[in-house]
Amino acid sequence: MTGFALHSLAVLHAVTAAAADTTAKNANGAEGLLVFLVLAVAVVFLLRSMTKRLKKVDKINFDDQPADANKTSKPRTPRP
């Protein structure tokens, strides 16, 4: 009778250990997926922000500035 009880405990332990490993692996996969999705959403928002800023830069016309911009500006006066 004792041998049967020990064998049953060993089988029960093996089954719960296997179930715990499967649950841990599934949890790690879910956490990884969650992190991936958060990073993907962050990249989308960063790309949207970057394109808005690049459109503003495209509107600036650099040809309107004089070629000798440094020479036409007033010289700096030293601070006392």
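Select Val-43 to begin: this residue lies in helix α1. The model on screen is a predicted one. Val-43 counts as partly exposed, because its relative accessibility is 45% and partly exposed covers the range between under 20% and over 50%.

Keep Val-43 selected and add Leu-47, Met-50 and Leu-54. Together these four residues make a nonpolar patch of about 360 Å² on the surface.

Next, select Lys-52. Lys-52 also has its place in helix α1, which runs over residues 2–59. Is Lys-52 buried or exposed? Lys-52 counts as exposed because its relative accessibility is 53%, and the cut-off for exposed is over 50%.

Now add Arg-48, Arg-53, Lys-55, Lys-56 and Lys-59 to Lys-52. The selection is a patch of positive charge, where these residues gather on the surface.

Finally, clear the selection and show the whole protein chain. How many helices and strands does the chain have? Its secondary structure comes to two helices and zero strands. Of the 80 residues in the chain, 0% are buried. Turn on the surface: the protein chain exposes about 8000 Å², and 67% of that area is supplied by carbon and sulfur atoms.

Notes. Residues are numbered from 1 along each chain as its sequence is written. This is a predicted model: local features need pLDDT of at least 70, side-chain atom pairs count only at pLDDT 80 or more; totals for chains, interfaces and linings use all residues. Side-chain values use heavy atoms; hydrogens and water are left out. Patches are made of residues with over 30% relative accessible area and no salt bridge: like charges are joined within 9 Å, nonpolar side chains (Val, Leu, Ile, Met, Phe, Trp, Tyr) within 5 Å. Accessible areas come from the Shrake-Rupley method with a 1.4 Å probe; for residues, only the protein chains shown count as cover. A salt bridge is a side-chain nitrogen of Lys or Arg within 4 Å of a carboxyl oxygen of Asp or Glu. Lys and Arg count as positive and Asp and Glu as negative; His and the chain ends are not counted. The place of a charge is taken as NZ of Lys, CZ of Arg, CG of Asp or CD of Glu. Helices (H or I, at least four residues) and strands (E, at least two) are DSSP runs, numbered from the N terminus. Buried means under 20% relative accessible area, exposed over 50%, partly exposed in between (1.4 Å probe, protein chains only).
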